[in-house]
Amino acid sequence: PPPPPPPPPPPFFNDTATTEIYTRMESSAASDVYKRQIVLLLFLLLGMPIGFAMGLTGFLGMTVIYQGIGPSLSMLGIASYDTAASYMLTVVPLFILMGEFAYHSGISKDLFDTAYKWFGSLPGGLTMSSVAGCAGFSAICGDSLATAVTMGTIAVPEMKKKGYDLRLSTGALAAGGTLGILIPPSVGFIFYAIVTEESIGRLFIAGILPGVLLSVLFMAATYFIARRRPDLAPPGQPSTWREKLGSLKGVIGMLLLFVLILGGILSGIFSPVEGGAIGAVGAFVYALIRRRMTWSLMIKALKGTLNITTKLLLILIGVGILGYFLASTRVPFALAEAVTAMQVNRYVVFAAVILLFILLGCLLNVIPMILLVLPTIFPSIVALGFDPIWFGVVTVLTMEMGQITPPIGVNVFAIGSVAGDVPMQEIFKGILPYFLCMVLCILLLTLFPQIVLYLPNLFFLTGPA
C-alpha cells in the first residue's frame, strides 16, 4: 500500500497559549484604536486644528503601544518628512495658485455675466446662472469652498436686487460650490490619487461628465421650482442673440486654461504636476493681458495660496502620523478583511460606505476625510470588484454632500457669511432639493458607471498616465 500522506505543517501559532496571547494583543490594539478615535473627536470638538489633533492622537497612541516615548519621537520625525517630502504634493499649491490668479483676474465675474445673458430670462434664471458660473469656475479652481464664496460674492447682491427668494438662491450657491472639487482640476482628486496611487489624469477626465450631469440636475431643479413658484425666482429681461454671442468672450479665459491643462496632460506633453505650473502661469498671463493684475493683487494671490497650502500640508502630516499608529495596530487590515468576508451583496457594503462618508462630511472637510478614511476602506472596495477610478469620483461627490448638510456644512456657513442677513436654517432648508439631486446623481453613476468611465477608457487606451 502507498505510504500515508505526511502530516500537515504545524500552524504558525501551534500552541494554545501563544494563540491566546496574540488574540489579546489584537484585542488590546483594537481597544486602543477606539480610545484614540474618541480622543481625536474630543480634540476636534474642543476646536484644535485638525492636523494637530490627528498628529497628537497618533503620537499618544504610539506611546501607549510601545510603552515609551522614544519610538514615538522617532516615528514623529520619520512620518512628518516622508509625508511632506512627496513630489506629487507640489501639484497642490500650483493648482491653488492658478485658482487664486483666476479669481483676482475677474474670470469668475465674466463667467457669471455670460451665464446670465443665456439663462437670465428663464424662470430662476439668476440662480441657474449662478450654478452655471460655479461649474465654469470649477474648471479653473479645485476647491468647493473657494468656488462657493467667489460666486456668492458676485451673485447674492444681484439676487437681493431682483427680489429673489434667498432660501432657494443661497441653497443653490452652496450646492453649486461642491462642483469645485468634482469638475477638474480638483484638489480632491489629487489627494485621492496620492492615497490610492491611481492616475491623476484618469481621475481628472473621469470627473468631467459627472460634473456636467450634476450641474444640469441643479439647474433643472431650480427651473422646475421657479416654474411652479414664479414669486421665488422671477425671470429677468431677455437678451438678444447678439448679446448672447458677444458675452461668450467672457468664457475665453476659462476655456483656454481648461483646454491647456487637460489637453496637455491627456496628450502626454506634460505631467499633472507640470500642468499645475503651466496653469498657474497661464492664469497670470491672462490677467496681465486683461490688465487686471496689479502688484497688490499678486501679493494677495500668493498669500492666499500660502495660507491654504500650509493648512493642507499640516493636515497631511497629521494624517501620516495617525496612519503610522493605525498601521501598527493592524486594525485597518483586519477591518478590510472583515468587510470582504461579509456574506452580503457588495452594494450593501457600498451603501454603508456612502452613508459613512455623508456623516463624516458633516464634521470634516473633504481632504481630511480622504486622507483619514480612504486608506482603511479602499482595499476592501477594490477587493469587492469596484473600479477604483469610478469609486474616486463617487467618493469625492459623496464627501461633498456632507459639506452642505447640518450641523457643520462648511459651504453653507461660507454662503451665510457672504449673504449676511440670511439665517443659517433658511440656507439649510434651501439645500434640500439640491441634496436630492446629488443623491440622484450617485444613483445614476452606480446604475450607469460608464458615465464616469467612458472618457478615461477613450483617452487612455494604452493604460494609466
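**Exercise 1. Val366 and its partners**

Find which residues Val366 touches, leaving out those up to four places away in sequence.

*Solution.* Start with the ground rules: this is a predicted model, where local features need pLDDT of at least 70 and side-chain atom pairs count only at pLDDT 80 or more, while totals for chains, interfaces and linings use all residues. Numbering runs from 1 along each chain as its sequence is written, and side-chain values use heavy atoms, with hydrogens and water left out.

Step 1: set the contact cut-off, which is heavy atoms within 4.5 Å. With that, Val366 touches Ile181, Met399, Glu400 and Gln403.

Step 2: place the residue. Val366 sits in helix H18, residues 366-383; helices here are DSSP runs of H or I with at least four residues, strands are runs of E with at least two, and both are numbered from the N terminus.

Step 3: check burial. Buried means under 20% relative accessible area, exposed means over 50%, and partly exposed is in between (1.4 Å probe, protein chains only). Val366 has 1%, so it is buried.

Step 4: look further along the sequence. Val366 and Ser144 are 222 residues apart in sequence, yet their C-alpha atoms are 9.3 Å apart in space.

**Exercise 2. How H7 and H8 pack**

Work out the angle between H7 and H8, and how far apart their axes are.

*Solution.* Step 1: fit the axes. They are lines through C-alpha atoms, for helices over the stretch in contact, and angles run from 0 to 180 degrees between N-to-C directions. For H7 (residues 144-161) and H8 (residues 166-177) you get about 155 degrees, with the axes 8 Å apart.

Step 2: name the arrangement. Under 35 degrees is roughly parallel, over 145 roughly antiparallel, 65 to 115 roughly perpendicular, and the rest oblique. H7 and H8 are therefore roughly antiparallel.

Step 3: list who does the touching. From H7 it's Ser144, Thr147, Ala148, Met151, Gly152, Ala155, Val156, Met159 and Lys160, and from H8 it's Leu166, Ser169, Leu173, Gly176 and Gly177.

Step 4: sort by class. Ala, Val, Leu, Ile, Met, Phe, Trp, Tyr, Cys and Pro are nonpolar, Asp, Glu, Lys and Arg are charged, and the others, Gly among them, are polar. The H7-H8 contact then splits into seven nonpolar, six polar and one charged residues.

**Exercise 3. H5 against H6, and Ser130**

Which residues of H5 and H6 make their contact, and what does Ser130 touch?

*Solution.* Step 1: get the geometry. The axes of H5 (residues 107-119) and H6 (residues 125-138) come within 8 Å and cross at roughly 140 degrees, so the pair is oblique.

Step 2: read off the contact. H5 brings Ser108, Leu111, Phe112, Ala115, Tyr116 and Phe119, while H6 brings Gly125, Leu126, Met128, Ser129, Ser130, Ala132, Gly133, Gly136 and Phe137. By class that's nine nonpolar, six polar and no charged residues.

Step 3: zoom in on Ser130 of H6. Ser130 is buried, at 2% relative accessible area. Not counting residues up to four places away in sequence, Ser130 touches Phe112, Met151, Ala155, Met159 and Leu173. The C-alpha atoms of Ser130 and Gly177 lie 9.7 Å apart, with their positions 47 residues apart along the chain.

**Exercise 4. Cysteines**

How many disulfides does the structure hold?

*Solution.* Step 1: apply the test, a pair of cysteine sulfur atoms within 2.5 Å. The count comes out at zero.

Step 2: check Cys437. Its nearest cysteine sulfur belongs to Cys441, 9.1 Å away, and Cys437 is in no disulfide.

Step 3: check accessibility. Cys437 is buried at 9%, and Cys441 is buried at 0%.

**Exercise 5. Positive phi**

What is phi for Glu197 and for Arg291, and are these residues buried or exposed?

*Solution.* Step 1: recall the background. Most residues other than glycine have a negative phi.

Step 2: take Glu197, with phi near 60 degrees. Glu197 is in the loop between H9 (187-196) and H10 (200-206), and is exposed at 72%.

Step 3: take Arg291, with phi near 55 degrees. Arg291 is in the loop between H14 (272-289) and H15 (295-329), and is exposed at 78%.

**Exercise 6. The whole fold**

Count the helices and strands in the protein.

*Solution.* There are 22 helices and zero strands. Of the 465 residues, 51% count as buried. Among contacts with a separation of 6 or more, 79% come from residues 24 or more positions apart.
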